[in-house]
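Q: I'm new to this one and would like a close look at a single part. Please show me any closed-off space inside, what lines it, and what the chain is doing around there.

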Amino acid sequence: MTTYFDDLETRSADEREAAQMEALRTQLRAVQGLRGYRDSLGLIDPSEIDGMADLAVLPVLRKSELGAAQGQSSPFGGFTAKTVGEFAHIFQSPGPIYEPGEISHDWWRVGRFLHAAGIGRGDIVQNCFGYHLTPAGMIFESGARAVQAAVLPAGVGQTELQVRAAADVGTTAYAGTPDYLKVILDKADEMGVALKITKAAVGGGALFPSLRQEYTDRGISCLQCYATADLGNIAYESPAMDGMIIDEGVIVEIVRPGTGIPVAEGEVGEVVVTSLNADYPLIRFATGDLSAIMEGTSPCGRTNKRIKGWMGRADQTTKIKGMFVRPEQVAQLVAKHPEITKARVIALREGEMDVMRVQIEGGTDASSYEGSVAEVLKLKGAVECVPVGSLPNDGKVIDDRRSYGG
């Protein structure tokens, strides 16, 4: 029998929309006094927002605008309801983009996902998300606290120590990127250590079908969520593994990329999210990710709409090894070396791991660019020098060749 995190998960569609629109109208009244929204939402009458179709009159907020606003004023750019010093945490993501964080109950709403993954009281969660600057570690720790699970704050790296700790404390659940659990399990096999992990809650990268199957074969149930540092949890899988259920604390639209115009249900478009977080009220925030709304509701009984999961980027920004690589970074790499005429980043899979290859036109010694690649792209990758004019003339600077399954 399915148990739910709370009653919100089984509301009727009409009840959910009415409650969310009321919350949104309240939020719109509040944000009109914030510097970040004064020009864009100052003339909007919140009382005219009565349903999902009315959201199209509100402007879309893009990450580039958020970054620009942060560069002009205090770290949060005038988009938060509290001052910097009033938040419990201040995080920095690549860009840099600064995000606030709180320690109040399930502030990022990941508890709902962990509950769906079967994690709760009595579980010990080995949290292998990073705790350094970026918020992922605290996001999942907050979620674990909401479901009353204990946390081993492991972070990333030192795999042999991770195995020993998991064995010593009796870790039952893993939280982290999809790939890193395999690294831990393989190291445990190498060390001859038996682990008790039977549940995995992953995010920060694609969960490939072959990797999920490998975990299943090891007796580990692995589910994924779709969350960001800015918005917290957006959508998550349930044991039905039939699409990703939209979280109750956000309003999700699928729009035509580069616009705020909603597409027809089932059509692929850009994910735009409104967070109903009074502390950090992001209104129609464009994620840059592609997805589509699915028909019907999940067989698990949760009644919110579902998305098909991550289906690529509206731009060419690509996540490799849990880190975003952006077209502007590739341009920075080219600008750093006058002899380079063009560069292309290629994302591949080798075994069950992400790998990055960088093709460079105009260079002669591939090894001489490895340091620049790591510095600018924030990832290590194989560098290949290719003849000038050999890269396709298609405007593509990031080529994601990984297969994401059906």
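A: Let's start with the word cavity: on a 1 Å grid over the protein atoms alone, it's a set of points where a 1.4 Å probe fits but cannot get out, and its lining residues have an atom within 4 Å of a point. This is a predicted model, where local features need pLDDT of at least 70 and side-chain atom pairs count only at pLDDT 80 or more, while totals for chains, interfaces and linings use all residues. Residues are numbered from 1 along each chain as its sequence is written, and side-chain values use heavy atoms, with hydrogens and water left out.

So how many cavities of 30 Å³ or more are there? The count is one. The largest cavity holds about 60 Å³ of space, a volume being the space filled by probe spheres set on grid points joined across faces, edges and corners.

Now walk around its wall. Glu 99 and Pro 100 are there, then Trp 107, Trp 108 and Arg 109. Further along the chain, Ala 229, Asp 230, Leu 231 and Gly 232 join in, and Ser 275, Asn 277 and Tyr 280 complete the lining. By class, that's six nonpolar, three polar and three charged residues. Here Asp, Glu, Lys and Arg are charged, Ala, Val, Leu, Ile, Met, Phe, Trp, Tyr, Cys and Pro are nonpolar, and the others, Gly among them, are polar.

Ser 275 is a handy way out to the surroundings: it lines the cavity, and strand 12 covers residues 269-275. Strands are DSSP runs of E of at least two residues, numbered from the N terminus, and two of them pair if DSSP finds at least two bridges between them. Strand 12 belongs to an open, four-stranded sheet with mixed pairing, in the order 1-13-12-11. Strand 1 (61-62) and strand 11 (250-255) are at the edges with a single partner strand each, so one side of each has no neighbour in the sheet.

At the strand 1 end, two bridges tie strand 1 to strand 13 (residues 285-291), and the pair runs parallel. Look for Leu 61 there, standing opposite Phe 285 of strand 13. Helix 1 (residues 13-31) packs on this sheet, touching strand 11 as well as strand 12, where touching calls for heavy atoms within 4.5 Å. The direction of helix 1 makes about 95° with that of strand 11.

To recap your tour: strand 12, with helix 1 against it, takes in Ser 275, one of the residues lining the largest cavity.

Conventions:
Axes are lines fitted to C-alpha atoms, for helices over the stretch in contact, and angles run from 0 to 180 degrees between N-to-C directions. On a 1 Å grid over the protein atoms alone, a cavity is a set of points where a 1.4 Å probe fits but cannot get out, and a pocket is an open set with protein on both sides within 12 Å along at least five of seven lines; lining residues have an atom within 4 Å of a point.
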